[in-house]
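Here are my notes for someone opening this structure for the first time. Have it on screen while you read, and take the points in order.

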Amino acid sequence: MTTIIFDVDDTLYDQLTPFQLAFEDVFHDPTIPIEELFKYSRIYSDEVFQQTEDGLISLLDMQIYRIRKAMEHYDRQITDQEGTEFQKNYQYYQSQLQLDPDMKEALDLCVQHKIQIGIITNGPSKHQQKKIRQLELKKWVPEKYIFVSGELGIAKPDIRVFQQVEEVMDLDKANTYYIGDSYPNDIIGAKRAGWQAIWVNRRNHPILSEEYFPDYIIDCNTKIQQQLLALITPKN
């Protein structure tokens, strides 16, 4: 059976939009390139994410750290208060999230072709479940096939995440495709597990490892629906 499993953040919705709105509210600096700043913040978020999962630093401390370190690239020092205010606004705009229209069509396409669908997302349970509700993902994905790292106690790219999903969903690795934006978490994690990997690379990130090369790449010139049709039509 063919299975398509999706990441959430910056895959099913464009994470840059709430980031940009929060930045404009708090920092008001048109000289800083927003998309580049966002890329830096994601790098620093990945750097300390596991420490948050392990309880070594608080979620808020991690969130302040990533925007503070990103802003340092532009010689801008921010206070804890500014970092907290930015995160508060960022979360507010995230609560207004909407599915990327292409991804909504992709989910509809999977349902139309009776493709098994799942979700794996990193983050605290309360935070990620709020996004899942806002995006109304349970319209397409059964609750038992939604996996949140904060509930599992382990996070991508740990291969145990993918192995646990395999067991619950009774997956055939050769016909399992994981769609995500994070090269280290999603692509390397899925490839290590023996899955197929589809990289949503909206920001033109470089390939980080020739050892773990994505099977397919979705960028601004590629439609996810076209890729999925190519994968599932011959088998259905």
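1. Start with the largest pocket, and keep in mind throughout that this is a predicted model. Which element gives the largest share of its lining? That is α2, with 7 residues. Other elements that give two or more residues to this lining are α3 (59-72), α4 (80-94), α6 (125-134), α9 (183-192) and β5 (196-200), while α2 itself spans 34-53.

2. Staying with the largest pocket, its volume comes to about 690 Å³. There are 40 residues around it, and the ones nearest its centre are Arg42, Asp46, Asp181, Ser182 and Asn185. Sorted by class, the lining has 13 nonpolar, 14 polar and 13 charged residues. If you want a place to centre your view, those five residues are a handy choice.

3. Now the second largest pocket, which holds about 200 Å³ of space. Its lining takes in Asp100, Asp102 and Met103, then Val200 and Arg202, and finally Ile218, Asp219, Cys220, Thr222, Lys223 and Ile224. By class that gives 5 nonpolar, 1 polar and 5 charged residues. As background to both pockets, rolling a probe the size of a water molecule over the atoms shows where empty space is left.

4. Ile224 lines that second pocket, and Ile224 is also one of the buried residues of helix α10, which covers residues 224-232. The others are Gln225, Gln227, Leu228, Leu231 and Ile232. Why do they sit on the same side of α10? Because they cover an arc of only 160° around the axis. In general, an α-helix has 3.6 residues a turn, so residues three or four places apart point the same way. As for what covers the buried residues of α10, look for β1 (3-6), α5 (101-112), β4 (176-180), β5 and β6 (216-218) among others.

5. Next, charges. Side chains of opposite charge can pair when their charged atoms come close. How many salt bridges does the structure hold? The count is 18. Five residues are linked in a network of such bridges: Asp10, Asp14, Asp100, Arg202 and Arg203. Two of these, Asp100 and Arg202, turned up earlier in the lining of the second largest pocket.

6. Take arginine 76 and aspartate 29, which form a salt bridge with their closest N and O atoms 3.8 Å apart. Arginine 76 is in the loop between α3 and α4, and aspartate 29 is in the loop between α1 (16-26) and α2, so this pair ties together parts 47 residues apart in sequence. Are the partners buried or exposed? Arginine 76 is partly exposed, at 22% relative accessible area, whereas aspartate 29 counts as buried at 19%. The cut-off for buried is under 20%, so aspartate 29 falls inside it with its 19%.

7. Another pair to click on is arginine 68 with aspartate 80, a salt bridge at 2.5 Å from N to O. Here helix α3 supplies arginine 68 and helix α4 supplies aspartate 80, and the two are 12 residues apart. Arginine 68 is partly exposed, with a relative accessible area of 23%. Aspartate 80 is partly exposed as well, at 46%.

8. Then look at lysine 156, whose side chain meets that of aspartate 186 in a salt bridge (2.7 Å, N to O). Lysine 156 is in the loop between α7 (149-152) and α8 (159-169) and aspartate 186 is in helix α9, so the bridge ties together parts 30 residues apart in sequence. Both lysine 156 and aspartate 186 are buried. The peptide bond from lysine 156 to proline 157 is cis, with omega near 10°; proline 157 also belongs to the loop between α7 and α8.

9. Last, some backbone angles to check. Most residues other than glycine have a negative phi, and most peptide bonds are trans. Histidine 28 has a positive phi, near 50°; this residue is in the loop between α1 and α2 and counts as exposed at 57% relative accessibility. Glutamate 136 also has a positive phi, near 55°. You will find glutamate 136 in the loop between α6 and β3 (146-148), partly exposed at 44% relative accessibility.

Technical notes: Residues are numbered from 1 along each chain as its sequence is written. This is a predicted model: local features need pLDDT of at least 70, side-chain atom pairs count only at pLDDT 80 or more; totals for chains, interfaces and linings use all residues. Side-chain values use heavy atoms; hydrogens and water are left out. On a 1 Å grid over the protein atoms alone, a cavity is a set of points where a 1.4 Å probe fits but cannot get out, and a pocket is an open set with protein on both sides within 12 Å along at least five of seven lines; lining residues have an atom within 4 Å of a point. Grid points are joined across faces, edges and corners, and a volume is the space filled by probe spheres set on the points. Helices (H or I, at least four residues) and strands (E, at least two) are DSSP runs, numbered from the N terminus. Ala, Val, Leu, Ile, Met, Phe, Trp, Tyr, Cys and Pro count as nonpolar, Asp, Glu, Lys and Arg as charged, and the others, Gly among them, as polar. Buried means under 20% relative accessible area, exposed over 50%, partly exposed in between (1.4 Å probe, protein chains only). The arc is that of the directions from the helix axis to the C-beta atoms. Contact means heavy atoms within 4.5 Å. A salt bridge is a side-chain nitrogen of Lys or Arg within 4 Å of a carboxyl oxygen of Asp or Glu.
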